[in-house]
Amino acid sequence: MKTLVLGNGGREHALLTALSRDPQVSALHAAPGNAGMAGLATLHAVEATDPAAVVELARELGADLVVVGPEAPLAAGVSDALREAGFAVFGPSQAAAQLEASKAFAKEVMSAAGVPTAGSRVCTTAAEAAAALDEFGAPHVVKDDGLAAGKGVVVTSDRAEALAHAEACFAAGGTVVIEDFLDGPEVSLFVICDGEDAVALTPAQDFKRIHDGDAGPNTGGMGAYTPLPWLPEGFTDEVMDRVARPVLAEMARRGVPFTGVLFCGLAVTAKGVEVIEFNVRFGDPETQAVLARLETPLGGLLADAAAGRLGADRRLEWSDDVAVDVVMASAGYPASSSRGDVITGLADAAALEGVHVIHAGTAASGEDVVTAGGRVLAVVGRGTDLAQARQRAYAGVERIRFDGAQWRTDIGLKAERGEITVPETEGAK
């Protein structure tokens, strides 16, 4: 099975790594790819958001499956163009991708499907935003309605800061969604969908703030771990029954069946599980940890989803270990990024037991690998428990050097210490 993966980030490198373990996958290609992907796949200098160019490349390769990694190509309709050309595609249509591309659309779908989520208001003016901030109170949650690469959300107790973010979005011609704050630990759950049936991957938790202790501005994610020992029994089944399947049914009812991965960003609150947001692609950095533990061949799984043959009772196989990944970001991130800084120690890190390195913002420069974006690498550690997985991930981080490198030192630490608690449900009090 010749497989083409679109994208050049950490999630795409993690996908290629998992696909390379599938004996059904005969050849791997990536467009445009990054320095780390070159050892796994043939790279093609094609812009992933250009539908015509991607279709032409898929034809040249005779691709049996195209996996659309990032959100931008999905919003640009690349999956539609590929399907119209007769290719099997893992990734939703442009219309279905609105679940991520528009927070307002996602709220509308959840309301129609009866999915539990925070109360919200769609605002287009400063007056509307001010009224919504007062209605919901602090902490204030303000989300850009469109795509923002994981950095369009402000959560703050400072009303002036929240209003300023909304006003900046309005000035740029956008709208915002202001909503009630969901109090409780956050969980990411990827659900593989074929338009009708679905199967969940293992839950993970990521860390969105740049600094230890969840300080500083939001990023695209600074690390993740899986599984989550503190989750209540039956959590995944509850999400499938109350969130994923109702959304799939509602999308099908609207004539826009969802094929691809539905990324459910969730909060475990006193009211039970509630949806924070949806994404329509694998999440970065959770993918790096989740796919490290997947033993079911990934290529066959994604091909079955693309063909509508997942089945209602699909089961996946997982390793018994724990995976932790720590993101190493470039100087200035998330406000900016430093490019061209030489990275050393990659081979030393990868040689450690239970460690592998996923590339995101990297590029080749002669014989060197250099930084080429905000989030540069994700160092994955696997172990028999969370403590060992964390130790291995950070041992890998310590071997790698580039100017201005920054990372969090507390990925998975609270869980290791048993400090994460799930709120008691209101009905149980």
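Here are some notes on how the parts of this predicted model fit together, with an eye on one domain contact and a few charged pairs.

1. Start with the layout. The domain assignment splits the protein into domain 1 (1–90), domain 2 (120–177), domain 3 (184–305) and domain 4 (320–415). I'd look at domains 1 and 3 before anything else; their centres, taken over C-alpha atoms, sit 22 Å from each other.

2. How much area is buried between domain 1 and domain 3? The figure is about 1,500 Å², and carbon and sulfur atoms give 71% of it. On the domain 1 side, Arg-11, Leu-15 and Phe-90 supply 39% of the area buried against domain 3, more than any other three residues. If you want to click through the contact, 20 residues of domain 1 touch 19 residues of domain 3.

3. Next, the polar side of that contact. Five residue pairs are in polar contact between domain 1 and domain 3. The elements giving two or more residues to the domain 1 face are α1 (10–19), β4 (65–68), α3 (71–75) and β5 (89–90). Helix α1 brings the largest share, six residues. Sorted by class, this face of domain 1 has twelve nonpolar, three polar and five charged residues.

4. Helix α1 deserves a second look. Ten of its ten residues are buried. Among them are charged ones, including Arg-11 and Glu-12. These two form a salt bridge with each other, with the closest N and O atoms 3.1 Å apart.

5. Now go to Gln-288, in helix α10 (residues 286–293). Is Gln-288 buried or exposed? Its relative accessible area is 2%, so Gln-288 counts as buried. Leaving aside neighbours within four places in sequence, its contacts include Gly-10, Arg-11 and Ala-14, along with Asp-325, Ile-358, Ala-378 and Val-380.

6. Back to charges. Side chains of opposite charge can pair when their charged atoms come close. The structure holds 25 salt bridges, and one salt bridge is counted between domain 1 and domain 3. Have a look at Arg-281, whose side chain meets that of Glu-71 in a salt bridge at 3.4 Å, N to O.

7. Arg-281 also has a salt bridge with Glu-100, at 2.8 Å, N to O. Glu-100 lies in helix α5 (residues 98–101) and Arg-281 in the loop between β17 (272–279) and α10, so this pair ties together parts that are 181 residues apart in sequence. Both Glu-100 and Arg-281 are buried.

8. A further pair to check is Arg-390 with Glu-416, whose side chains form a salt bridge at 3.0 Å, N to O. Arg-390 is in helix α13 (residues 386–399) and Glu-416 in helix α14, so the pair ties together parts 26 residues apart in sequence. The partners differ in cover: Arg-390 is buried, with a relative accessible area of 9%, whereas Glu-416 is partly exposed at 36%.

9. Which residues do shared salt-bridge partners join into one network? They are Arg-11, Glu-12, Glu-71, Glu-100 and Arg-281.

10. Last, the segment after α14 (413–416), where Glu-419 lies. Glu-419 counts as partly exposed because its relative accessibility is 45%. Glu-419 and Trp-230 are 189 residues apart in sequence, yet 9.2 Å apart in space, C-alpha to C-alpha.

How values were computed: Residues numbered from 1 in each chain as written. Predicted model: local features only at pLDDT ≥ 70, side-chain atom pairs only at ≥ 80, totals over all residues. Heavy atoms only, no water. Domains from an automatic or database assignment. Contact = heavy atoms within 4.5 Å. Buried area = accessible area lost by both parts, 1.4 Å probe. Salt bridge = Lys/Arg side-chain N within 4 Å of Asp/Glu carboxyl O. Polar contact = N/O pair within 3.5 Å; in protein donor to acceptor, adjacent residues only side chain to side chain. Helix = DSSP H or I, 4+ residues; strand = E, 2+ residues; numbered from the N terminus. Nonpolar A, V, L, I, M, F, W, Y, C, P; charged D, E, K, R; others polar. Buried < 20%, exposed > 50% of the residue type's maximum accessible area, 1.4 Å probe, protein only.
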